[in-house]
Amino acid sequence: MKTKKTLLLNAAILLIVITFNVVISCNKKFDTPPIYIPPNITANTTIAALKAVHTSGHADSIETDAIIAGVVIANDSSGNFYKQIIIQDSTAGIAVSIDDNNLYTSFPIGRKVYVQLNGLYINDDGGLIYLGTSPDAGGRLTGIPSRLKDKYLIKGELHIPIIPADVTVQDLKSDNDKYAYTLIRLNNFEVKTTDTAKTYANAVNKTDASITVKNCAGDTMVVRSSGYAAFAGINVPNGNGSLTAVYVYYKSAYNSRITPQIMIRDTADMQFAGTRCGGNVPPANGALISIKELRAMYNGSDIKLGAYKIGGVVISDADNKNVSNGSVVLQDGDRGISVYFGGTVTYNIGDSIVLDVNNDSLINYRGSLEIKTPYGTAKPTAVATGIPVFPKETTIQQLKDSLSNVEFTLVKIKGATASGSTTYSGSQMLTDASGNITLYTSPSAAFAGSNLPGSANDWTGYGSFYNATPQFQIRNISDVAGAMVVSPTGGSDLLISEYVEGSSNNKYLEIYNAGAAAADLSKYHIKLYTNGHDAAHGADNSGRLDSVSGTASLAPGALLVFSTTAASLTLPAGVVAYPTSVCNFNGNDAITLEKNGVVIDVFGDVGTDPGTSWTIAGNSKAATDKTVRRKTGIIQGNTDWTSSAANEWIVIISINDVSDLGIR
Amino acid sequence: MRKLLLLFSCIVLCKVMQAQKYFNPDTADFTERPDTIIAEELKDNVLDNIPTISLSDEDLSDAAAQNISSQLTAGRDPFYNAAAFNFSPARFRIRGYDGTFAAVYINGLPMDNLDDGYTPWGLWGGLNDVFRNREVNFGNRYTTFAFGDVGTNTNFDIRASKQRKQTSIGYALSNRNYTHRIILTHNTGLNKRGWAFSFSGSRRYADEGYIPGTYYNGWSWFAAVDKKLGQKQLLSFAAFAAPTENGRQTSATQEMMTLAGSHYYNPSWGYQNGKKRNANVAKTNQPVLLLTHEYRISNKTALLTAASYSFGERSISGIDWYNAPDPRPNYYRYLPSFYAADNSALAQQLTDVLSTNESARQINWNNLYNVNRDNTTTVDNANGIAGNVITDNRSFYILGERVTNVQRFTASTTINAKLSEHIDITGGISYQLARNNYFQRIADLLGGQFWIDLNQFAQRNFPNNVNAYQNDLNHPNRIVYKGDQYGYNYNININKPQEWAQLVFKFRKIDFFVAGEVSQTKFWRVGNVRNGLFPNNSYGKSEVHIFDNYAAKGGVTYKINGRNYLYINGALLTRAPYYDNIYVSPRTRDFVQDSLQSEAIKTIEGGYVLNAPNVKVRISGYYTSMKNGFNVLTFYHDQYQDFVNYALSHIDRLYFGGEFGIEAKVARNVTANAAAAIGRYYYNSRQKATVTVDNTADIVSEDEIYSKNYRIAGTPQEAYSGGITYRSPKFWFVSLTGNYFSQMWLDFNPLRRTYVATDGVTDVGSEKAHTILDQTRLDNQYTLDFYGGYSWRVKHTYIDKRALYVVINAGVNNLLNNTDIITGGYEQLRYDFSASSEQNLSRFPPKYYYAYGLNYFISLQVRF
């Protein structure tokens, strides 16, 4: 009975608890404020009347209850105007200086604005009359502070259309004050030929720039744009048409000379799509242009491309991976360009593609021009495949001289020799009679591990810049004409062929020339890294083979034997051991064989201390009190000790066995 | 100097303190000692209703979302009592340690956040009735539930059978964070069949709190059941949550407070349709489910195993805007001081407007709606679909939420055994796992139709890079609506296994103990969006960071006699850094600070305790050093127009000081008490700052911070209190306490303490050098507090055969209505390097929070 009551009580409380949790989820929402209804105000004066009372160069305070009304014709929406709005009524236009950013949010173009003038100031800047608040020490009016905006500026109706006045350059020049800060339109204008490759302004250095526009009669006008404008980095349009803008002349303070200028609100103000005065048809929006024309649009800073298309043939080889991931190299005539798509590129050499570059960026990527597409841009399907591109024959010097023009085009360099490391991987050097250039192969290229051909060959590939350094890349191994693919199993160089770690000072090392040519011993070093050190400390632990042995070269198939200075075992007849402190090893030390500073073979793992001995062929005491011989099938050094130790050596379970030294 | 010498001698001579088992639920009798219990409940109430503050208005971390009543108290230690309670209005932190050094456990399970180390007190806010059984350990003494942290360690026992059999209904009235509180609690106790149930629910709310524009809407619920299995085992389940929403305060500069004529000026609200709407709203709802199993293997051995799962969400809202004027009413460019130097007339005009027109000092919601409605925007390639064009009212202002979605699993098992009469052994293992998802969400489009998920800062910095300004390259130009995710979105995964063991030896004259712990902390970031600026470092799993840590501690207590004790304890440990101090800008990328390592901590404490019937004394001293800490500070820099991150490393800290507490019966029924905490907390290394901005990978600068001997802020370094209490045999009491705080400092801006910041200052002794370099010190402060309570047993009234009690208690803090107590704030991180004029030095003045003036809390409870 009692338990029942308790249970009931418990259930009731649990219910309350649950209700608590349900109630919380129904929060009250705030009322949405009503849509703004402009107050009923009428202007009692005009902008022209207001401007008429202004004395040039003098900041006047306005102390009457005058109200003007104008419609916003320009604001800071694109960033071309800054901290001001331009309003215009049927009589004139004026700028209102406001100390705030993003004024366009409250003062969109087409909004009517009432200005309660009492308390404001009027002045001019280079002749252009504007409103603001009290002047600073230099007489310049301070913009209306954000918190005082509502006191002076009353927002009116939206979407009031403004029709720009169709004018000629002569009209503007003859009545500067009438047109100042009003919206005008010039018809049948185009960008002057010398300016057609320019952008509106310098978006990188954020500096202003002027573009000259002209009509077919030769009347010119300057379009001034701010480096902070959102469109500053955009290439100007190259056709002919109408130009809507705000007229803003500049009057010199020294000689009162007036420079007429206009400012656009956005690129839509420049409708230049028609045929130019000379009859040249500019590429229409979306028209195909050559890669050469596209490259010409680059003016020193990164730009955003307009509505154009380019076509080209793929000359890069995605499969062999000697091109950065996500990039493809296109050639069109005698110009080429790299296009970055991101993701995985599957184009084959010879694919012909047409690329819509609208909204893509044309950028300087580490010294070379690149088209960068928006992330996720679909890669266009090839319109044709197997289109051959014939490489242009060139010398290395010619390539370097003209590289900024011919980068990313296919060239052939004849009779050039590669040098540097054994393999392609990384930056090597390619030399012909005219000079040399960096031969770059990505470490992830399919052929990065192949050996460089030793002799002169013909090389096909393309040049580009890498941080101002010219470089040349082949696409795949067949780009090296006449070069056999050097098999990694073919013997080519010196290697460590025997290691003897005997009693007391009886330590020997044998080097074998597995190559087909005599080895220049001045290029080779052997080095000792003791007890897991990763540096071969001091001269004692490093020996140049020619100085240690006293001989300049080692014939193919010949051997050299080295030992400690106090080694005392009797060697097979005729075998001489050259003493070097590099042989002061005791089982847990690493030895490297280097050619031109590059490790080509190792015994042991540099930087690792195995304890007492390296483990070789499964024997954990193999390198101490033993003789270890390289298998005779091994004719190439191996810098990977793990694989070398596992596969390439025979351990002789006997101390002081030197019977095989000098023999292979 | 003399004071310092005294301090040193105190440290050398006495050495630190003793933790006590403050409250034993098995022996405490609620009816026998009503005054003490009422007093403790009162304290809980007061601390529960302390304001939630944000450490900084730019603060993006979720630590700020927490209520910072860091030390609930129950205790008889005369010092700890004062420190945890009387000093709390001044945000006193025991020994200067921040919240990451205090650990809280529930049924033996660690509860502190794995991401930032703070205790999520808000998870059980309002559940005071059922979170009363606890063990508090203070300092480095051993505990029976965990190895613990170097500060305070608290273990709550919330099992249903441990709750006193009772039903209570309570109502409280206050003028602090919330105005009203109702609590209902019903505990059945263990019945004959071995079942026990416990339920509690509470509602806390205020239409407007003490600070204008703040409000509170909290609900809490708790349900627990226990089943005894045989004589030896007890299985317990508990579930609780405290879904809470509160409108918060944002700090402000002195200039705004002067204009508003109040230290409680709050820039985070504005009128909307005549009602106050707060933009800075914290919401939290994170239920915790907890299963506990206790196994008394023998009289000498007990095994406690528990597992918990917690899930839910916390968020903080704020206005976000896209290429629109800054909507914050206290933005420095809107204020008179911005114009003062060049145009004083204009500054005066602004002063007039701002001081007379309240709405000019607050958010103009109507304007935000108007802007969103007045502009039609056309979006090309919307949602990344070529040719998809949307034309509509784009929101330039939205109310966004920074959300942390938490999933957390914790398990632990602890064994306590008596090896012999003299030796106790305790040990345990625990495993903690957290998967937190941090993202932004649209709470309100404010009259507009959509928002585009773009990064306006990157758009400004890289106008010609088509990809840079995408917040998510995998979904470019994404159109987002209310409730959608936007901006950043990443997970932090943290795993932490821990093992510990401890041996306690107890003899007639001497007790000693040793304890050790090993743990591993492993965390990594998983990006859910591909940021356009860092396409290769933002999406997917980052490198895993692993820290192996150890901790050891030990101590000796010498018992002079049954009443006088001397003790000394020490600890040596390493502590893994928290993720938010390691990732330089986790919102955009997975870059971490250089040379990651654990912080090395050494601490020693010692002291003397007298525990006589009429007098209790504690004198103690401590010395703690911490080396190689990390921190990341983030703020918006409007010159870079970007979020700037200061990644700080090589942070060494030093804490030392003395503590004193006394409680004595001075007359019949009258007790006097006094306490003092005198500490010195310093940064004692030159920190290294690497400055980066969110929107480029570039390192803006690398600076050495001349931070040696700057003070650690956030707490008074000296605090004193004295009080007197009268306890009537008729079950009522009154007490009056006075407190005094000094040596309070403001957290310093590291970049102001660099070589470049002092460029052009030739005379290091000049006033200008002092202006730049000196740390801001706050004025000394005092408060006077009153507490009283009465417990009335209603005669001849029984419910369910249990007597009926009516308990009333009241607390009035800051009786003298001192409204000048600065409790927090910070020097703004922004610094004008072109500091050629005095005006520039003060362009970014410190921001403050003030403690409440006179405030009260009255509660009435009926129990049976």
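Begin by selecting chain A of this predicted model, whose mean pLDDT is 86, with 93% of its residues reaching 70 or more. Within that chain, pick out residues 483–490, where pLDDT stays under 50 and for which the model has eight contacts beyond four places in sequence.

**Stop one: an open sheet in chain A**

Staying in chain A, select the four strands that form an open sheet in the order β39-β38-β43-β44, and follow how they pair in the antiparallel sense. The edges of this sheet are β39 (542–544) and β44 (598–603) of chain A, each of which pairs on one side only. If you compare the directions of neighbouring strands here, ignoring which way they run, you will find them turned by 20° against each other on average. Strands of a sheet pair through backbone hydrogen bonds, and the pairing may be either parallel or antiparallel. To look at one such pair in detail, show strand β38 (residues 524–529) of chain A together with β39(A), which are joined in the antiparallel sense over three bridges. A place to centre the view is A:K527, which stands opposite A:S542 in β39(A).

**Stop two: a helix with one buried face**

Move next to chain B and select helix α6 (residues 344–356), which has 13 residues and reaches 18 Å from its first C-alpha to its last, close to the 18 Å expected at 1.5 Å a residue. Colour B:L346, B:A347, B:Q349, B:L350, B:V353 and B:L354, which are the buried residues to look for in α6(B). When you turn the view to look down the axis of α6(B), its buried residues fall within an arc of 160°, so they line one face of the helix. The face turned away from this buried side of α6(B) carries the exposed residues B:S344 and B:T356. What lies over the buried residues of α6(B)? The covering includes elements of chain A, namely β7 (128–135), β8 (141–142), β9 (144–145) and α3 (149–152), together with α4 (254–260) and α5 (336–340) of chain B.

**Stop three: strand β20 and its partners**

Now select strand β20 (residues 423–444) of chain B, in which 16 of the 22 residues are buried, so that this strand is largely enclosed by the rest of the structure. One of its partners is strand β19 (residues 397–418) of chain B, which pairs with β20(B) in the antiparallel sense over 20 bridges, and a hairpin of four residues joins β19(B) to β20(B). Along this pair, find B:E401, which stands opposite B:R441 in β20(B). Strand β23 (residues 485–506) of chain B also runs antiparallel to β20(B), to which 19 bridges join it, and there B:N493 is the bridge partner of B:R435.

**Stop four: two buried residues in chain B**

Select B:S308, which lies in strand β16 (residues 301–321) of chain B. Is B:S308 buried or exposed? Because its relative accessibility is 5%, B:S308 counts as buried. With its neighbours within four places in sequence set aside, B:S308 is in contact with B:L109, B:L289, B:L290, B:R408, B:F409 and B:T410.

Finish at B:Y849, which is found in strand β42 (residues 847–850) of chain B. B:Y849 has a relative accessibility of 2% and therefore counts as buried. Add B:G824 to the selection: the two residues are 25 residues apart along the chain, while their C-alpha atoms are separated by 5.1 Å.

Key: Residues numbered from 1 in each chain as written. Chains lettered and ligands numbered in written order. Predicted model: local features only at pLDDT ≥ 70, side-chain atom pairs only at ≥ 80, totals over all residues. Heavy atoms only, no water. Buried < 20%, exposed > 50% of the residue type's maximum accessible area, 1.4 Å probe, protein only. Contact = heavy atoms within 4.5 Å. Expected span 1.5 Å × (residues − 1). Arc of directions from axis to C-beta. Pairing = 2+ DSSP bridges. Axes fitted to C-alpha atoms, helices over the stretch in contact; angles between N-to-C directions. pLDDT = per-residue confidence, 0-100.
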